[in-house]
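Biologist: I should like to learn how to read a few features of this structure. Please begin with the contacts of a single residue.

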Amino acid sequence: MSCGESKVVCVTGASGFIASWLVKLLLQRGYTVKATVRDPNDQKKTEHLLSLEGAKERLHLFKADLLDEGSFDSVVDGCECVFHTASSVLLSVTDPQAELLDPALKGTLNVLESCVKVPSVKRVVITSSIATVAFNGKPETSDVTIDETWFSDPAFCEKSKLWYVLSKILAEQAAWEFAKEKGIDIVTINPAWVIGPLLQPTLNLSAEQVLNLVNGKEQFPNKNYRFVDVRDVANAHILAFENPSAWGRYCLVGSTNHCSEIVKMLSSIFPTLTLPDKCADDEPFPPTCQVSKERAQSLGVKYTLLEVTLKDTVESLMAKNFF
């Protein structure tokens with residue numbers, strides 16, 4: 001018998017990059033999935049989900065809006081677990097409150113409010129971000145290891161106009177406060193930049209970082225990247241539900257590399273691509289700070305090699321004609 005056979009779960013924001021893979025892996029494991037999208041009739045957002053193996057029998061799409069109170073009530077009813085992945089991912093906004101902060105904060109609370117109304121929900125797994133962990137103004141030197149005890153500073157992020165980071169911080173803080181007050185069991189998954197093959201037809205922000213490197217630019221940025229494979233992130237969500245002893249936060253960082261190393265890997269995998277061959281500035285490369293893998297590994301997470309993830313990402317971008 002498959003792990004998920006006869007079990008019903010919910011995935012919010014199901015058409016997104018991580019959520020699409022989560023739906024795929026849940027269906028593979030035998031789960032029945034109630035998936036929320038803003039518009040079930042938008043084929044561009046739903047066709048890739050409906051074509052997944054097992055979707056015809058066990059995938060059900062529902063319309064729900066993060067800012068519409070009660071719109072998740074009927075969807076979560078009967079589900080053992082709710083995977084809350086829906087959140088706006090934008091780095092450039094004109095109205096941070098409306099475009100990022102409200103959907104993240106109010107949306108998370110709306111989903112949790114729906115979850116406490118029904119007795120079937122045993123656990124809520126929330127897609128958070130490494131952004132809620134590592135943005136506090138502390139120096140990230142090579143002798144430092146970031147772990148789940150770190151918390152980003154909302155005042156620092158607001159002052160720095162890091163609106164996406166702030167939206168994730170406020171949403172996660174509110175979720176933990178709500179869970180404590182209402183006695184609901186939540187777990188947060190805190191991934192770094194998530195890359196890997198795309199199931200959805202649209203380009204997402206993190207895959208765009210790789211596309212920028214392979215799309216003919218002459219220079220690469222002088223910065224470090226923390227990457228994790230989307231398939232590992234989706235799998236971690238499922239492990240966080242299936243493992244009864246899972247608790248708290250789980251940082252997911254497969255590897256931390258300077259952009260020069262990433263370009264070198266890409267050039268060895270794709271020797272015919274025109275890749276940037278010089279750094280954007282003459283400053284020393286920043287030190288590489290590590291992120292602890294201990295808790296993620298205790299959950300059962302096994303990381304895909306970065307070379308494999310990069311190869312699959314670029315091949316996916318090629319197949320979807322993003323070059």
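Biologist: With which residues is Thr304 in contact, leaving aside its neighbours within four places in sequence?

Modeller: Contact means heavy atoms within 4.5 Å. On that basis Thr304 touches Asp229, Asp232 and Thr309. This is a predicted model, in which local features need pLDDT of at least 70, side-chain atom pairs count only at pLDDT 80 or more, and totals for chains, interfaces and linings use all residues. Residues are numbered from 1 along each chain as its sequence is written, and side-chain values use heavy atoms, with hydrogens and water left out.

Biologist: Is Thr304 buried or exposed?

Modeller: Buried means under 20% relative accessible area, exposed over 50%, and partly exposed in between (1.4 Å probe, protein chains only). Thr304 has a relative accessible area of 26%, so Thr304 is partly exposed. Thr304 lies in the loop between helix H12 (294-299) and H13; helices are DSSP runs of H or I with at least four residues, strands are E runs of at least two, and both are numbered from the N terminus.

Biologist: How is the packing of H9 and H13 described?

Modeller: Two packed helices are described by the angle between their axes and the distance between the axes. Helix H9 (residues 205-214) and helix H13 (residues 306-319) pack at about 80 degrees, their axes 10 Å apart. H9 is therefore roughly perpendicular to H13, a word for angles of 65 to 115 degrees. Their contact includes Val210 of H9 and Leu310 of H13. By class, this contact has seven nonpolar, one polar and no charged residues.

Methods. Axes fitted to C-alpha atoms, helices over the stretch in contact; angles between N-to-C directions. Parallel < 35°, antiparallel > 145°, perpendicular 65-115°, else oblique. Nonpolar A, V, L, I, M, F, W, Y, C, P; charged D, E, K, R; others polar.
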